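Me: I would like to go through this structure in short questions. Please show it here.

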Amino acid sequence: MPVGYSIYVERPSYLHKRIDPRTKLFALCTSFVLALLFNNPAYLGILLAAVIAIGLWARLPLKSFRAYLLFALWFLILGVVIWPFYIHQGSVVLQISGVQFTSDGLLFGLAMGLRVALMVTAAGVWMMSTSPQHITLGLLRLGLPYKAGMVMSSTIRFVPLINAERATIIEAQRARGLDLKRGNPFQRALRYVAVIGPMLVRTLDMAQSLALAMEARAFGARPNRTMITEIRLTRVDWYIVIGCALLIAAAIALRVLGIGVLVRGYL
Amino acid sequence: MVEPEVAIDVNEVSYTYEPDMPLALDHVSLQIHKGDFLALLGQNGAGKTTLAKTFNGLLRPTSGSVSVGGLDIRNATVSSLAARVGYCYQNPDHQIFNRTVSMEAAFGPHNLGLPPNEVSARVDHALQLVGLADKKDAYPFLLGKGERQKLAVASVLAMGSSILVVDEPTTGLDIQGIRSIMTLLRQWNQSEERTIVIITHDLRIVAEYIPRTVVMAQGKIVADGPTRSILSDGAALATAGLKPPQITRVAQRLNHHGVPPDVMTVDEMLEYLHNAFSGSEDARSSLPGRSF
């Protein structure tokens, strides 16, 4: 999965430019709730398709979903392998030395994989369509203390810097004969101490310099701050929020009625 | 006269970080001889570090070849080249991670697979050389910047490589720190006949300590020769966006009064002036009109 600053993909789309980050965050939460309310793979599959459709509408390239879906694929395989041991309802599909694999067990495993895929992809679409600045700004407007918001955005900002430090440190240690490729995985992991040690020191150092530089520029001198970019909830935002709320209500109703639920008694 | 043995032979090397980026090294050829004490001089982005990183295989040339003591780097791993070419990074904090000074210095030789008694002998020797012998059990992060820099050098010296590359050894050091690290490198070069390559953009340390200078600009070598002739050649330096040291420029302005145009350091200037005013007939007569 891609990490850090590079997730955001700049696109001139309606989702990128016009919808408030708070609305997008609420929509993301909605997708999480819906993912947890259904455990029927068909329903989850439709929701996943809907999320991808939203991403494509936001002009995100199709291949940008690949990393998220590949990541979820592991959970899908894991789900299909493990869940049949616990779910015994439905018709028996195959039997291996006394263990029965039922169709519902396999389908439930599939559903759990799709659930991960749905959540990860939704989070991906959210992060790809919302710049780190807007994510922070949205959270601040929702009541996150400014210092916490600053911590968040500087964390994101420091990812590429720390990555560059890591590359330099690895080079410096390789020049001292460190071979990170030799030996078994355990030996290699131990050798990484030579990289992790200086990295910790360097990051602490960078954090301290940043703190000093910020204090030197009077960070936190005034309790209320103004922002260069302002965000405002438009009518469309409210429609989306109400729509999401209705979706959640409907999904809860369906759950109570048992629709979209393959196996009762499981989340 | 016998040609000195070639330590590093760089032949028509080009290097590019990304396929569509300009060449970081543009058909560079350079011979470094055994026992050379050489400065790679140039502005940021001139290609100094890129070139130096090909010496120990950290970067592999896009085209051209580099051989170290006759060994083509294409046939060697970085960790095996580390035994031949010690590379000391600019910031000691990029490499220090052990709990004691001596453990830190032992990391390199240990990686080379040397027996423990050999490792500790080398560590003791290296720490002795840099003057950290009495701090061998100290916690490295509590040392001052200058001492950490020396420890980084010691930890590379302890590997016993006959070639040493030092990237910006004087960054962030005060004049005393600079003096002690450069004196140390000079002694090591002279007493043990080792080859040293210093990457720097500090003209003063080049003028004062380093006999051979290679000037780089935009991925090319624009001048290569004895430091005294390179640093007094304003036109050559200008191609790399550099100027001769201030004292050299002063000397060149005073050239018509007989001041030699290749004065490199303030000490040399003082020595010249002292001779000129206190007796040496030659110098006095070379100052026409005694116009001072």
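Below, some ground rules come before the questions and replies.

Reply: This is a predicted model; local features need pLDDT of at least 70, side-chain atom pairs count only at pLDDT 80 or more, and totals for chains, interfaces and linings use all residues. Residues are numbered from 1 along each chain as its sequence is written, while chains are lettered from A and ligands numbered from 1 in the order in which they are written.

Me: Which helix gives the most to the side of chain B that touches chain A?

Reply: Contact means C-beta atoms, placed from the backbone, within 7 Å. By that rule, 20 residues of chain B are in contact with 18 residues of chain A. Helices (DSSP runs of H or I, at least four residues) and strands (E, at least two) are numbered from the N terminus. With three residues, the one that gives the most is H3(B).

Me: How is H2(A) placed relative to H6(A)?

Reply: Axes are lines fitted to C-alpha atoms, for helices over the stretch in contact, and angles run from 0 to 180 degrees between N-to-C directions. H2 (residues 21-37) and H6 (residues 132-141) of chain A pack at about 85°, their axes 8 Å apart. Angles of 65 to 115 degrees count as roughly perpendicular. Therefore H2(A) is, relative to H6(A), roughly perpendicular.

Me: Which are the edge strands of the open sheet in chain B?

Reply: Strands pair if DSSP finds at least two bridges between them. The four strands run in the order E2-E1-E4-E5, with antiparallel pairing. Each edge strand pairs on one side only: they are E2 (25-33) and E5 (71-72) of chain B.

Terms used
Two residues are in contact if their C-beta atoms, placed from the backbone, lie within 7 Å. Angles under 35 degrees count as roughly parallel, over 145 as roughly antiparallel, 65 to 115 as roughly perpendicular and the rest as oblique.
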